[in-house]
Amino acid sequence: MAVVEEIQAYHYSSTRIIFYPLVLVVTSLWLLYRWQQQTRFYKLGNKLPGPSTVPLFGNALMVLGKNPDELINLGLEYTKKYGTVIRGWIGSKLVVFLCDADDAEVILNSQVHIEKASEYRFFKPWLGEGLLISSGEKWRSHRKMIAPTFHINILKSFIGVFNQNSRNVVEKMRGEMGKEFDVHDYMSGVTVDILLETAMGITKETQDESGFDYAMAVMKMCDIIHQRHYKFWMRFDAIFKLTSFFEKQKHLLSIIHGLTNKVIKSKKEKYIENKSKGIIPPTIGELTRSSASNDTGLANVQTLADTVFKGYRDDLDYNDENDVGEKKRLAFLDLMIESAQNGTNKITDYEIKEEVDTIMFEGHDTTAAGSSFVLCLLGVHQKIQERVYDELYEIFGDSDRQVTFEDTLKMKYLERVIFESLRMYPPVPIIARKLKQDVKIATNNYVLPAGATVVIGTYKIHRNPKYYKNPEVFDPDNFLPENTQNRHYYSYIPFSAGPRSCVGRKYAILKLKVLLSTILRNYKMVSNVTEDQYRLQADIILKRTDGFRVQIEPRKRVPTSVA
Ligand code: HEM
């Protein structure tokens, strides 16, 4: 009897131990939820259209367990259902998706809403407070220093590097003739090689094993960051630190930062040594200053890019008319060291490292994806590829000579093809900001509250029939002057726009023209995978989860009408 009583008492007390605290927790959570719903933040958020929510979880359960291509399909489905403004609650975090050019302009054109969303924190161990993620005064002063280093005069001095590396990749690809292969592997490799040289001044001749290790580490780090974005559980630092990826990241970062630090140290020593001998490199100001000896005669030619990006209101166009042609080539790193040493800009070695690392990341994955999409699309759209080749034949004939800056100005159709590819498959498919102040957007005068995360849906804006007649059709004529002149500037934002637009825009377009024209003069691209079969990945960089599969055939150097 005593034993039975003892068991009953035990059950009773254990029920009490579990039951009452549980009731307390549930009640507190319910009260918290009720209180939250009454706050201004929630009231404003709940005025926006979006799927129904579950108390406390919001819409978080809907994305749980979804793989990257399912996520993109889910997002696209919701835009059909709810229109161009959609809110989602991830627990108590408000995320607002904007897919209309007027609304995008309100955010991107602002000097206030320039704070990056918390999702960018995964880059922090690698890029520190570099241009991509920094904010406030630090971002402003570094942007002011870095934007001029992307001046067209400096970019022109990179043409030789672009050419040499493009030729190298053409040779590497030769082994793939007749097979189906993933062209992204090659685009990724050549992009890192070009960046090593243009950002850090490391050439194939001067680089040792560490250059190769660095390139591999950059590619692998990009992979880890992608995994953290689409594997939900990897987003939590505490869990991430328990995975093997964390150890791998530590190792890769030691390679990346090790080389960046080493190069900065030796370049700085060299600068000081040269200075003591009276050898001083040209300043950014000198490299970009006007000169009577205009070497091209084409400096004032208006390119398509000049028209398309005219309304961006960013800081990349100033001074471009002062085109003095190719001078001494200095890498971005040299320019930063020089301006720090001569006192023009206050920037520490550590900050220079952050900026060089940022350029290496931003310049790599974006252009590798961009060029891979162009090559795949040309493999599918043979007629368009023929027009591209005919234009190249007109410029180069059957010669194997290198591309000059003047040639790139004549590649008008290729430029339209690149722009159209960036429209349909923007390498950066979304841009995310954290609001520090309330903002009223154009659609329905909705007010987005401070603290919300705003996601600009570039991919979706680029496919809005309001701006493009047949948005789902790959048609480079979307960028004929008559079609661009009256289009909303913010309906085409592959490089973002406004004060935080991409500083590498001109670099990217120039590099893509040299690289793609060199490949297309040597090979005909073929692809049996049509666009409806592409499996796109919802990620920080738009990619294909099915791989960028193409085949190449040798190019006969005659116009396509004769071939
Ligand atoms: C097709 C190629 C490229 C595309 C589509 C692209 C796109 C973008 C976009 C959309 C942003 C804004 C990101 C955001 O606000 O979250 C950005 C920023 C940036 N990009 Fe690019 N980019 C490309 C190539 C490059 C290259 C080649 C470089 C450097 C060599 C570069 C350097 C940067 C930097 C430093 C930023 C940060 C700017 C700031 O916040 O002030 N990008 N890029």
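Start by selecting helix α17, which supplies the largest share of the shell around the ligand, 7 residues. Keep in mind throughout that the model on screen is predicted.

With α17 still highlighted, show the whole shell of 22 residues around the ligand, and then pick out E362, G363, T366, C502 and G504, which come nearest. The elements that give two or more residues to this shell are α17, running over 349-380, and α23, running over 505-522. If you colour the shell by residue class, you will find 12 nonpolar, 7 polar and 3 charged residues.

Next, centre the view on C502, where UniProt, in an unreviewed entry, places the feature "binding site". C502 is found in the loop that connects α22 (481-484) to α23. The residue counts as buried because it has 22 C-beta neighbours inside 10 Å, the threshold for that label being 20 or more. Once its neighbours within four places in sequence are left aside, C502 is in contact with F495 and S496.

That second contact is the next stop, so to speak, and S496 also lies in the loop between α22 and α23. Its backbone deserves a look, since the phi of S496 is near 60 degrees, a positive value in a residue other than glycine. Most residues other than glycine have a negative phi. S496 counts as buried, because 20 C-beta neighbours lie inside 10 Å.

For a second residue with this backbone feature, select N444, which is not a glycine and yet has a positive phi of about 55 degrees. N444 lies in the loop between β5 (439-440) and β6 (447-448). Here the surroundings are sparse enough for the residue to be classed as exposed, because 12 other C-beta atoms lie within 10 Å of N444, and exposure is assigned at 12 or fewer.

Now select helix α20, residues 412-424, and check its length between the end C-alpha atoms, which are 19 Å apart; at 1.5 Å a residue, its 13 residues should span 18 Å, and the two values agree. Of these 13 residues 11 are buried, so α20 is largely enclosed by the rest of the structure. Among the buried residues of α20 are Y413, L414, V417, I418 and L422, and also E415, R416, E420 and R423. To see what surrounds them, display α15 (304-308), α17, α18 (382-396) and α23, against which the buried residues of α20 pack. Two of these partners, α17 and α23, are also the elements already met around the ligand.

The last stop is strand β8, residues 523-526, where it helps to show the side chains and look along the strand: Y523 and M525 point to one face and are buried, whereas K524 and V526 point to the other and are not. Add β11, residues 549-554, which runs antiparallel to β8 and is joined to it by 4 bridges. Within this pairing, V526 stands opposite Q551 in β11. Widening the selection shows an open sheet of 3 strands, in the order β3-β11-β8, with antiparallel pairing. The edge strands are β3 (181-182) and β8, each of which pairs on one side only.

Terms used
Residues are numbered from 1 along each chain as its sequence is written. This is a predicted model: local features need pLDDT of at least 70, side-chain atom pairs count only at pLDDT 80 or more; totals for chains, interfaces and linings use all residues. A residue is near a molecule or strand if its C-beta atom, placed from the backbone, lies within 6 Å of it. Ala, Val, Leu, Ile, Met, Phe, Trp, Tyr, Cys and Pro count as nonpolar, Asp, Glu, Lys and Arg as charged, and the others, Gly among them, as polar. UniProt positions are given in the numbering used here, feature names are shortened, and annotations may be inferred rather than shown by experiment. Two residues are in contact if their C-beta atoms, placed from the backbone, lie within 7 Å. Two strands pair if DSSP finds at least two bridges between them. The expected span of a helix is 1.5 Å times one less than its number of residues.
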